[in-house]
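Biologist: Let us go through the labels on this model one by one. I will ask what earns each label.
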Amino acid sequence: MILGLETSCDETAAALVTDDGHVRSNIVSSQAALHARYGGVVPEIASRRHLELVLPVVKEALQDADAALDDVSRIAVTQGPGLVGALLIGLAAGKAIAWAGRRPLIPVDHLHGHVASLYLEPAPLEPPFCCLLASGGHTLLLDVRTHDGFAVLGTTIDDAAGEAFDKGARLLGLGYPGGAELDRLARQGDPEAYRFPVARTSGLDFSFSGVKTALLYTVRSLHQTELAERKADLAASYERAIVTALVRRLLAATEQVGAERMAVVGGVAANSELRRSLPSARIAPLALCTDNAAMIASAARYREAIPYPGYLALDAYASRDAA
Ligand code: KG4
Ligand code: ZN
């Protein structure tokens, strides 16, 4: 089995996945409540919490799979992109566990991990396909031809889709992170009540700063009581604008590369309006949309392992450009 570790942001996660892609356990400890009072992830607090949680989470993943460290043949860990201090905790833990057991280590790219959430049993998707990766940190259109990588077709020129959801939720006075809460509220509203702009970016790129500003001005123009009454409509209309942009570009990208199948991964893939809008797309199972370690272990199946002890000097990277 592969032990996967993921600590790139504010989720401390460990999972056990078999070589043929069966998830034996998938433990995610979210720090969201810890960061909520600051309205966003505080990197230093995240690192410290990862340090406290990483070993208990690994133990729980082993227990849940009814396994011991002896059953683990290799360790997979997120190397980047993400918060570098947070990544280093997972990487150090992964190195220590691998080194102590003289096991190989497999560094995994977080984005490759999100895509590899589609390769897990019981219904693995086979490349080629066109993939939308939409999370709190990234919004990418990917041409996926093989299990071990992808080509980037388009990206956001400003905010990520998840970030747009979170900022919109904040403007509406919802909690943090607000994506899921905005989704829930939107179900009670009319998505046609307000007409928020869908950016016309060139090619296959995205932009979400305009829709966010439009929501800000609309919220400001309403009186307190009016705002309370129209909150669900605002949420539904705002969600509609973001989802329309995502769906349009995914369809355009799929046509451009001549792919027969399309897929959606990442935290925003949990959005109910997006899932409804793409009945023919393969969308990652809910438990595998937001950050988790099963997807990291899954990606590791297609990467070369670094044999013991050659990984001790391995460093984390904050962004893909630095990789
Ligand atoms: O993939 P993820 O867990 O972390 C990153 O790699 O960024 O994605 C988290 C993002 C957050 O912005 C969160 O608000 C958003 O995914 N999200 C949602 C929903 N559930 C999570 N956005 C819209 N609707 C949802 N149901
Ligand atoms: Zn992620």
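Modeller: Start with the elements: helices (H or I, at least four residues) and strands (E, at least two) are DSSP runs, numbered from the N terminus. By that count, proline 122 falls in the loop between H4 and strand E6 (129–134). Two ground rules follow. This is a predicted model, where local features need pLDDT of at least 70, side-chain atom pairs count only at pLDDT 80 or more, and totals for chains, interfaces and linings use all residues. Residues are numbered from 1 along each chain as its sequence is written, chains are lettered from A and ligands numbered from 1 in the order in which they are written, and side-chain values use heavy atoms, with hydrogens and water left out.

Biologist: What makes the peptide bond from glutamate 121 to proline 122 cis or trans?

Modeller: Its omega is near 15°, and the bond is cis. A second cis bond joins proline 127 and proline 128, with omega about 5°. Proline 128 also sits in the loop between H4 and E6. Most peptide bonds are trans.

Biologist: Which residues count as surrounding ligand 1 most closely?

Modeller: A residue is near a molecule if one of its heavy atoms lies within 4 Å of it. For ligand 1, 18 residues surround it, and the closest are Gly136, Asp166, Asp183, Asn271 and Asp291.

Biologist: What is the distance from glycine 136 to an oxygen atom of ligand 1?

Modeller: A backbone N or O atom of glycine 136 lies 2.8 Å from that oxygen. A polar contact is a pair of N or O atoms within 3.5 Å, so the pair at 2.8 Å qualifies. Glycine 162 has such a backbone atom at 3.1 Å from a ligand 1 oxygen. For glycine 179 the distance is 3.2 Å.

Biologist: Which classes make up the shell around ligand 1?

Modeller: Ala, Val, Leu, Ile, Met, Phe, Trp, Tyr, Cys and Pro count as nonpolar, Asp, Glu, Lys and Arg as charged, and the others, Gly among them, as polar. The shell has five nonpolar, 10 polar and three charged residues. Helices H4 (110–116), H5 (161–171) and H6 (179–186) each supply at least two residues of it.

Biologist: Why is ligand 1 said to lie between two domains?

Modeller: Domain bounds come from an automatic or database assignment. Domain 1 (2–123 + 289–322) and domain 2 (129–260) both give residues to the shell, so ligand 1 lies between them.

Definitions and conventions:
Polar contact = N/O pair within 3.5 Å; in protein donor to acceptor, adjacent residues only side chain to side chain.
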